[in-house]
Amino acid sequence: MLEIKNLSYEIEKKNLIENITFDVEKGKFVGIVGPNGSGKSTLLKNVYRTLKGDGKINIKGRCLKVISSKELAKEMAVVSQHGGSEFNFTVCEMVTMGRYPHKGFLGSYNGKDRKIANKAIEKLGLKKYEDRAFLTLSGGERQRALIARALAQEADIIILDEPTNHLDIRYQLQIMEILKSLSVTVIAAVHDMNIASLYCDEIIALKDGKLWGKGVPEDVFTREFFSDVFSVKTEISRHSATQKLSITYLPND
């Protein structure tokens, strides 16, 4: 689905990411993890072409550089940390804009588009906000609206830069459940390691702009990983209810 090979990006001769290589299989939920400044957002911005570094990125076997913006929008939906704040549309208008890649030149939104947008609005629990101006929403409500727009886009890949950062725990879990239930490929920068363990099929770990490790959570999330990458002590066990790894952070002596 997605191939990244020898990807590097620098500013003023300083590498923000360096020689990153990994593949993403169709339908996988991939979590990008690492401390602040490790290169998570820089990596994702190269994937969705806000930044253009050195290396190769292919989507479905095609070089990302030769795909038009509209074609790419049919394949990839993006939810960034600060998206959608430029214009004060209603929630309904904002979500319906996710249908734009599927419209012809000067094509207007039709009943099918509105039905798909309404379904996304309902799925994200935003029905009572659909006529509200986007800029009047709380940070968490805005984030849910942006994710609803990404769902309305009906792309095969959804890229999310820390999608649950502004959400309380109820909506964090709801968003991750929704993303997990979709028949799409999800690549998300994730801040909470326990949530990453619970929902991600594969982990891509970064440190200082370099690939530290990749694999299933059980292979990546070790005490050595948290010590080396985050400089914290942990106890790691398997939760009896979820059968997923559970990480407990310990105070440093």
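**A note on the predicted chain and its second largest pocket**

1. The chain has an accessible surface of about 13,000 Å² (Shrake-Rupley method, 1.4 Å probe), and 48% of that surface belongs to carbon and sulfur atoms. Please keep in mind that this is a predicted model, where local features need pLDDT of at least 70, side-chain atom pairs count only at pLDDT 80 or more, and totals for chains, interfaces and linings use all residues. Residues are numbered from 1 along each chain as its sequence is written, and side-chain values use heavy atoms, with hydrogens and water left out.

2. On overall shape, the C-alpha trace spans about 60 × 40 × 30 Å along its principal axes. Of the 253 residues, 45% count as buried (under 20% relative accessible area, 1.4 Å probe, protein chains only).

3. You will find 9 helices and 12 strands in the chain (DSSP runs: H or I of at least four residues for helices, E of at least two for strands, numbered from the N terminus).

4. Now to the second largest pocket, which holds about 250 Å³ of space. A pocket here is an open set of points on a 1 Å grid over the protein atoms alone, where a 1.4 Å probe fits, with protein on both sides within 12 Å along at least five of seven lines; lining residues have an atom within 4 Å of a point. The volume is the space filled by probe spheres set on the points.

5. Which elements give two or more residues to this lining? They are α4 (111–123) and α5 (139–152), with α4 giving the largest share, 4 residues. The lining includes I116, K119, E154 and V184.

Note on methods: Buried < 20%, exposed > 50% of the residue type's maximum accessible area, 1.4 Å probe, protein only.
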